[in-house]
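Got the viewer open? Let's take a walk through this one, stop by stop, with a selection to make at each.

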Amino acid sequence: MQSVCLLYTPLCRWIRSVSGDIKEFLRMTKQYLPHLARLCLISTFLEDAIRMWFQWHEQKDYIASTWKCGYFLATIFVLLNLCGQLGGCILILSRNFVQYACFGLFGIIALQTVAYSILWDLKFLLRNLALGGGLLLLLAESRSEGKSMFAGVPTIAESSPKQYMQLGGRVLLVLMFMTLLHFDTSLFSVVQNMVGTVLIVLVAVGYKTKLAALTLVIWLFGLNLYLNSFWTIAAYRPFHDLLKYDFFQTMSVIGGLLLVVALGPGGVSMDEKKKEWLLYIGTSLAEWVRAPRL
């Protein structure tokens, strides 16, 4: 028991030290981090829109042959994907009509999930859900910006939808990491699975959220460069497009995690509840001290 305590105390000190460093990092980058997060988040939609343009005929032929819908409807499908994704990216980057852009991109995700039969591929389905989680966090951020225009007006429970959107976004984001778990007995895989599981649970429940999310950003970015290095594959090979798709989709999930780092976990989280508990304890102690003694 004594040895456990000796290990626990330095660990707590290290976590507090790292948390302090992260707060300083966020203070220095608070003006830039949300912009970087949005850019990463829309990267997969931007890449897909560009691919639709350069592979117009291939995409149209694939949809026409798979769904037997004819070239007219296939052309409408490709045009809708191209314009919807490109328009949504422009609106999000310019911070105009962000909520409508998010709903439009939600529709694109749902449309592609059905059209490309992603619904029956668990790995791609989980990644699409994680991508939806990033959009949900962006939608919550846009609601926050809208409410801040009326900062002086008292409000009652109006932030509740935003809090639950942040919770849903966090939970959906961690689905990406379930596709990265490797079920083998090598030491590296076991350590990676254990650390990854702890981090995604911390993000999902909202405990030490910014520290866990930033650690996942660094870890996922490294894995993305290693596993999805599409630039090492010749452009004419089909594997090039597959790796490129995975790379930018992972970058979008990184963008969602950066939004968590920049904005915090929201009200439905252990971090927020901890603040409420501390405030309640402090208020109770203050009342007890001020109370008259008999």
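Where does Ser117 lie? Select it and you land in the loop between helix H6 (98–115) and helix H7 (122–148). Keep in mind as you look that this is a predicted model. Ser117 has a positive phi of about 55 degrees, although it is not a glycine. Its relative accessible area is 35%, so Ser117 is partly exposed.

Now pick Lys208, in the loop between helix H10 (187–205) and H11. Here too phi is positive, about 50 degrees, and again the residue is not a glycine. With a relative accessible area of 24%, Lys208 is partly exposed.

**Zoom out**

Colour by secondary structure. You should find 13 helices and zero strands. Of the 294 residues, 41% count as buried. Take the contacts with a separation of 6 or more: residues 24 or more positions apart account for 72% of them.

**Into the core**

Next, select Phe177, Leu220 and Leu257. They are the residues with the most contacts inside the largest nonpolar core, which has 51 residues. H12 supplies the largest share of this core, eleven residues. Apart from it lies another core, of nine residues, and Ala49, Met52, Val78 and Leu82 are among them.

Stay on Leu220 and show what surrounds it. What is Leu220 in contact with, leaving aside its neighbours within four places in sequence? The list is Met176, Phe177, Leu180, Thr250, Val253, Ile254 and Leu257.

**Along H12**

Val260 lies in helix H12. Is Val260 buried or exposed? Its relative accessibility is 2%, so Val260 counts as buried. Not counting residues up to four places away in sequence, Val260 touches Leu137, Arg170, Leu173, Thr209, Lys210 and Ala213. Try a distance label to Leu137: the two are 123 residues apart in sequence, yet their C-alpha atoms are 7.7 Å apart in space.

Leu137 turns up again if you click Gln166, in helix H8 (residues 160–173). Leaving aside neighbours within four places in sequence, Gln166 is in contact with Leu137, Ala140, Leu263, Gly264, Pro265, Gly266 and Gly267. Gln166 has a relative accessible area of 6%, so it is buried.

**Aromatic stops**

Show the Phe, Tyr and Trp side chains. How many aromatic pairs does the structure hold? There are nine. Begin with Phe97 and Tyr100, a tilted pair with 6.2 Å centre to centre and 55 degrees between the planes. Phe97 and Tyr100 are both exposed.

Then go to Trp231 and Phe247. Their ring centres are 5.6 Å apart and their planes stand at 90 degrees, so this pair is edge-to-face. Trp231 sits in the loop between helix H11 (209–227) and helix H12 (238–263), while Phe247 is in helix H12, so the pair ties together parts 16 residues apart in sequence. Trp231 is partly exposed at 48% relative accessibility, whereas Phe247 is buried, with a relative accessible area of 11%. Add Phe230 and Phe248 to the selection: with Trp231 and Phe247 they form one aromatic cluster.

**Round the side of H2**

Select helix H2 (residues 33–41) and look down its axis. Leu33, Pro34, Ala37, Arg38, Cys40 and Leu41 are buried. They cover an arc of only 165 degrees around the axis, so they lie on the same side of H2. Here is the background: an α-helix has 3.6 residues a turn, so residues three or four places apart point the same way.

**What the record says**

The unreviewed UniProt entry lists residues 71–93, 100–118, 189–207, 214–235 and 247–268 under "transmembrane region". Try selecting two of those spans. In the model, residues 214–235 are 64% helix and 0% strand, with the end C-alpha atoms 32 Å apart. Residues 247–268 come to 77% helix and 0% strand, and their end C-alpha atoms lie 31 Å apart.

**Last stop: cysteines**

How many disulfides does a search of the whole structure find? Zero. To finish, click two cysteines in turn. Cys83 has 47% relative accessibility and counts as partly exposed, while Cys102 is at 0% and counts as buried.

Conventions
Residues are numbered from 1 along each chain as its sequence is written. This is a predicted model: local features need pLDDT of at least 70, side-chain atom pairs count only at pLDDT 80 or more; totals for chains, interfaces and linings use all residues. Side-chain values use heavy atoms; hydrogens and water are left out. Rings of Phe, Tyr and Trp (its six-membered ring) pair if their centres lie within 6.5 Å; planes under 30 degrees apart count as stacked, over 60 as edge-to-face and the rest as tilted. Buried means under 20% relative accessible area, exposed over 50%, partly exposed in between (1.4 Å probe, protein chains only). Helices (H or I, at least four residues) and strands (E, at least two) are DSSP runs, numbered from the N terminus. A nonpolar core is a set of buried Ala, Val, Leu, Ile, Met, Phe, Trp, Tyr and Cys residues joined through side-chain atoms within 4.5 Å. Contact means heavy atoms within 4.5 Å. The arc is that of the directions from the helix axis to the C-beta atoms. UniProt positions are given in the numbering used here, feature names are shortened, and annotations may be inferred rather than shown by experiment. A disulfide is a pair of cysteine sulfur atoms within 2.5 Å.
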